[in-house]
Amino acid sequence: MMAQYLALKEQAADCLLFYRMGDFFELFFDDAKIAAQVLDIALTSRGEHGGAPIPMCGVPVHSAEGYLARLIKAGCRVAIAEQVETPEEAKRRGGSKALVARDIVRFVTAGTLTEEALLEPRRANVLAAVCEVRGAIGIAACDISTGRMELEECAPDQMSAALARLGASEVVAPDTWDHAPGECVPRPNRSFGSDEGEVRLKAVHGVSTLDGFGQFTRAMLAAAGGLVTYLDHVGRGALPLLLPPVAREAGTHMAMDEATRSSLEILVSSGGARRGSLVESIDRCVTGAGARQLAEDLSAPLTDARAINRRLELVSWLHDDPLLRGDIRGILRALPDVGRALGRVVAGRGSPRDLGQLRDGLSEARRLHDLLRGRSDRPEPLDAMLPSLAGHGALCDLYSRALVPAPPTERSQGGYIAEGYDASLDELRRVSGNARRAIAALEAKYRDDTGIAALKIRHNGVLGYFIEVPAKHADRLMAPESGFTHRQTMAGAVRFNALALHEEASRIAESGGHSLAAEEAHFEELVAHAVRAKEAIAATAAALARIDVAAGQAERAAEGGWALPRVVDEPCLEIIGGRHPVVEAALAAKGERFVANDCALGPQDRLWLVGGPNMGGKSTFLRQNALIVLLVQAGGFVPAQSAKIGLVDRLFSRVGAADNLARGRSTFMVEMVETAAILSQATERSFVILDEVGRGTSTYDGLSLAWAVAEAIHSINKCRCLFATHYHELSRLAEACDSLSLHHVRAREWKGDLVLLHELAEGPADKSYGLAVARLAGVPAPVIKRAKSVLEKLEKGRAATGGLAAGLDDLPLFAAAIEAAEEKVDALRERLNGLDIDALSPREALDLLYQLKAQANG
């Protein structure tokens, strides 16, 4: 047995091997040690290998899914080795001592899950493949639980942002690629060929050309090849549901890097959970598919005004009709997850319950279609989706006739094909039912004939049907002429067989086996119908999800008094009474009110410098405006009285930072890396929020960096920007930067206490209130007193010397300073190029060096 195990383990490579032994999956050696620790189960040993006991642990087959979920969550990958023949077949093949053949039937990895118990209902489970082809990055992504597949190409410096948008559970990449993403699964380089990818996609979808699906670059096809090859590997030749690929065009979605997504807590909060995130605060979807679609919308906001307005039109229509919205949400609430049920069915892991979910979901989709078709004021986006909600009448009718109202999750015991669907199956069930009644009659007859009232006819998996009597009555049935045959003696009972019982048992087994085989054949036929209609069913699932998102967005807007935004094609950001959706919800839960604030950025006032005390609301103000932009371009209402938003191509947020010790980066280093990305990538159509740039280093370094960054944002990037800072000296930038204005969050000291008003006002902050905030935080009074005396001395020194900003008035602007430096360098270069070095005497050369040095120093 261990030889068989070790051969399979070699195939499993770095995966934990679940080795099927009867009713258990067993793990051995290091796999057992890892699993026992992760699952908190007992680690035992069995036999010896190499003179040492073999570590061993196991989990029951019937509850394996729960254990698999924990292993996958812990970052493990699992290979499932099943018995691929019965003990009887093994005996016929190799005699009584032949080992039952086993083989790996499937690899279970984070990105290839389809089981309902292993997936989060409200979160997509994305598998991505990435590779490089002639300087371009190809990315293929799919959620095999629903079959959706997208291909895209991007520049190398945009790869991390694209992967951050996808939020893939698992990423595969070529094993020879030096620039592969961290923590990816390495795969043979040969599987990432563009020709291979094209051939595989054609084979999967049964077409001779991919032109009908769109135009795909070589990089896209190479990534698709790696993805499909990996799916073929983990499925051991059985591919999951894969819908026709869709090409994602560059520039159609707002770009956000990983730091921005983390800072804005879009899908997960800073603690890594959904609770406290943006999606959690606005998600009012009533289906898992809708929640997954909403998360995707927030991860990839649109940059096309027409597409945004189409989404807003549907949300607005549902917002204005609460009765219709309630009816729609009532229908959607009863829907099963059609997309994921289809994924399991097509992947060969479906159950009768999944077919029942397709039947019920498609029937409800038709009901929703009829409700919406009766409305004459439908918006155009809804009209486009209506056909997808119908067209499954024949399939629904077939499944309604073929399946019982509530099909089971297991098909091994049968009982899921409805009575009346197959007359021969009904007859087999009648024979089986009559035989069972005959056994009950036999039991009564045997009691009368023997006079043993305690006689019972029982059944188990080893003996089948047998007669059992207490040991004290066994002698009566042991007599040669009794008609009973002894089978087994127990501690307090004896078991027998009889000819009539054997005949009835044979009838039950035969009819039961035939009925199970008949049901299995019907199941395969019903699955085939779903597979043939997979693309139409997937389109219905997508339409239901989109309607659920729109209805949920409308519900959230009505619930919070949110506004319908205006989307314009000019660089502006005009928000009246803007609020932070997550913070507002948290305050409302405590019975407190959120203080709304306005924001007005435009061509002549595109950079706001925001000062004020800590805890005053600067970071909240910055984030709420970034989130409002994101919500608009995702196609939803916004938490404000009104909003007019100019389209944003890239959104950047540098708000707070933490050490990244794993990559050897300090807080300040992380801050500078993020700031560098903003300065190199932000365009005039971008929106940037910056909080406390330069605070991680010395005061002079920090001020100089903050000054230079603010100037660069204003004069070079020329994007819309909110820049929060504690450096009062930066207020002098307003004198030289035409499109920069000063603002602050208001605070007041009252009888020695600090009152934070959380209101934004024009003009620079009058003071920092740092000591007052420290007092609020509970810093001991002696420390506050000492800090106050030090502060007084520092302020006196600043007044006497001109302070940190002394001499900054004479600085040229950022662009002018760069120009001047370049002119100086060019003058030196021109003079050097004009020299005839061979004609210079040593004395002339020395004099010339002094002149050049003086010229360089200005």
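This report describes a helix, a sheet and the nonpolar cores of one protein chain. The structure is a predicted model.

**Helix 3 and the loop after it**

Helix 3 spans residues 64-73, and its buried residues are Ala64, Leu68, Leu71 and Ile72. Viewed down the axis of helix 3, these buried residues fall within an arc of 95°, so they line one face of the helix. A general property of helices is relevant here: an α-helix has 3.6 residues a turn, so residues three or four places apart point the same way. The cover over the buried residues of helix 3 includes strand 1 (16-21), strand 2 (24-28), helix 2 (29-39), strand 4 (52-60), strand 5 (78-83) and strand 6 (102-108).

Just after helix 3, Gly75 adopts a positive phi of about 95°. Cys76 is found in the loop between helix 3 and strand 5. Is Cys76 buried or exposed? Its relative accessibility is 14%, and the cut-off for a buried residue is under 20%, so Cys76 counts as buried. Leaving aside residues up to four places away in sequence, Cys76 touches Leu16, Ile34 and Leu71. Leu71 is itself one of the buried residues of helix 3.

**An open sheet and its helices**

Further along the chain, 4 strands form an open sheet in the order 13-14-16-15, with antiparallel pairing. Strand 13 and strand 15 are the edge strands, each pairing on one side only. From one strand to the next, the twist averages 40°. Strand 14 and strand 16 pair in the antiparallel sense over 4 bridges; within this sheet, Ile467 has Phe496 of strand 16 as its bridge partner.

Two helices that contact the sheet are set out below.

| Helix | Strands touched | Angle |
|---|---|---|
| Helix 17 (residues 423-450) | strand 13, strand 14, strand 15 and strand 16 | about 135° to strand 13 |
| Helix 19 (residues 499-532) | strand 13, strand 14 and strand 16 | about 75° to strand 16 |

**Nonpolar cores**

In soluble globular proteins, nonpolar side chains tend to be buried together. The largest nonpolar core of this model has 72 residues, and the members that touch the most others are Leu298, Leu368, Leu372, Leu389, Ile547, Phe687 and Leu722. Helix 22 (residues 618-634) supplies the largest share of this core, 10 residues. Leu389 has contacts that include Leu368, Leu372 and Ile547, as well as Arg366, His369 and Thr540. A second, separate core contains 43 residues, among them Phe28, Ala140, Leu201 and Ala224.

Definitions and conventions: Residues numbered from 1 in each chain as written. Predicted model: local features only at pLDDT ≥ 70, side-chain atom pairs only at ≥ 80, totals over all residues. Heavy atoms only, no water. Buried < 20%, exposed > 50% of the residue type's maximum accessible area, 1.4 Å probe, protein only. Helix = DSSP H or I, 4+ residues; strand = E, 2+ residues; numbered from the N terminus. Arc of directions from axis to C-beta. Contact = heavy atoms within 4.5 Å. Pairing = 2+ DSSP bridges. Axes fitted to C-alpha atoms, helices over the stretch in contact; angles between N-to-C directions. Core = buried A, V, L, I, M, F, W, Y, C linked by side-chain atoms within 4.5 Å.
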